[in-house]
Amino acid sequence: MNVAAGTEAGIRILVVEDDAGIAQSLVRGLARAGYTVDTAATGADALAAPPADVVLLDLGLPDLDGVEVCRTLRRRGDAAIIAVTARSEERDRVATLDSGADDYLVKPFGLAELLARVRAVLRRVRPSGPGLYVHGPLTVDPRTRRVTVSGAEVTLTPKEFDIIECLATDPGRVVSRQELLERAWDANWYGPTKVLDVHIAALRRKLGVEGLVETVYGRGFRLGTAPQTPAAPPAPPRG
Ligand code: CA
């Protein structure tokens, strides 16, 4: 079992997956999203692991039947369980949900969908969710997906929101272009990365704060350390 330290929110996710390559990419994606991640490669390891907020449970395990592991985890605690399966037959999905899973994902799936499903089960088990991210004049609310600048709401597209949320979870850290693409699009985005520049430009225009989203040449983007609050509108004439 290994542990990848996350930076945010103190939410623990247990990844139960016997394929080391898949496990590694899941751990990387979840840790980047700010979660603290444990892994287990067998059903026995999963049952011996410390309590988690969310369990991502591969049903095809080398030792135990994944559905049985799911049932045992459900009896023991209130972790949200997302079953991951290569089986897409309706009866398998029904058996999985009946065994106590909160949701399931059919392989192959993209990181963006996985993260969205994790957020969705967390909203159900922890209605308060992670708190607001505040950076200078900017606030980002991951629960309601609302963004404000100096108290005024800014309407963003879902991708623009994913980008600013990713930057806001750890202000000052340089986020690579690849990471932003994985976060806002999909783990398997092989298209032109120019699409990211288009969204960053639109985001900057909408936020309207000079220096808030900084380009770090050759490395990526980060939230600036000294964003300039937009000039206040002229005061109404006194009367
Ligand atoms: Ca497996």
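**View 1. Strand β5 and its parallel partner β6, in a predicted model.** In this close-up, four bridges hold β5 and strand β6 (residues 103-106) together in the parallel sense. The structure shown here and in the other views is a predicted model. To find your place along the pair, look for Ala-83, whose bridge partner in β6 is Tyr-104. The connection between the two strands is also worth a look: β5, helix α4 (residues 90-98) and β6 make a right-handed β-α-β unit.

**View 2. The β4 side of β5.** Here we turn to β4 and β5, which run parallel and are joined by five bridges. Val-55 is a handy landmark, standing opposite Ile-81 in β5. A right-handed β-α-β unit appears here too, made by β4, α3 and β5.

**View 3. Burial along β5.** How many of the six residues of strand β5 (residues 80-85) are buried? Six of the six are, so the strand is largely enclosed by the rest of the structure. In a regular strand, side chains alternate between the two faces of the sheet. For β5, Ala-80, Ile-82 and Val-84 are buried on one side, and Ile-81, Ala-83 and Thr-85 are buried on the other. Both faces of β5 are therefore covered, in keeping with the count of six buried residues out of six.

**View 4. The calcium ion and its protein donors.** Which residues provide the protein donors of the calcium ion? They are Asp-18 (OD), Asp-58 (OD) and Gly-60 (O), at 2.2 to 2.4 Å from the ion. Along the sequence, the spacing of these donor residues reads D-x39-D-x1-G. Asp-18 sits in the loop between β2 (12-16) and α1 (20-32), while Gly-60 sits in the loop between β4 (54-58) and α3 (66-76), so this pair ties together parts that are 42 residues apart in sequence. Are these two residues buried or partly exposed? Asp-18 counts as partly exposed, with a relative accessibility of 36%. Gly-60 is partly exposed as well, its relative accessible area being 38%.

**View 5. The four-stranded sheet with helix α6.** This open sheet has four strands in the order β7-β8-β9-β10, with antiparallel pairing. At the edges stand β7 (133-135) and β10 (152-154); each has a single partner strand, so one side of each is left without a neighbour in the sheet. From one strand to the next, the twist averages 25°. Strand β9 (residues 146-149) pairs with β10 in the antiparallel sense over three bridges, and a good place to spot this is Thr-148, whose bridge partner in β10 is Glu-153. Helix α6 (residues 158-168) packs on the sheet and touches β7, β8 (138-141) and β9. The direction of α6 makes about 110° with that of β8.

**View 6. The three-stranded sheet with helix α8.** In the last view, three strands form an open sheet in the order β11-β13-β12, and the pairing is antiparallel. β11 (175-176) and β12 (213-216) are the edge strands, each pairing on one side only. Four bridges link β12 with strand β13 (residues 220-223) in the antiparallel sense. To locate this pairing, start from Val-216, whose bridge partner in β13 is Gly-220. Helix α8 (residues 194-207) lies across β12 and β13 and runs at about 145° to β12.

Methods:
Residues numbered from 1 in each chain as written. Predicted model: local features only at pLDDT ≥ 70, side-chain atom pairs only at ≥ 80, totals over all residues. Heavy atoms only, no water. Pairing = 2+ DSSP bridges. Contact = heavy atoms within 4.5 Å. Axes fitted to C-alpha atoms, helices over the stretch in contact; angles between N-to-C directions. Donors = N, O, S within 2.8 Å, 3.2 Å for Na, K, Ca; no water. Buried < 20%, exposed > 50% of the residue type's maximum accessible area, 1.4 Å probe, protein only. Right-handed = clockwise from strand over helix to strand, strands pointing away.
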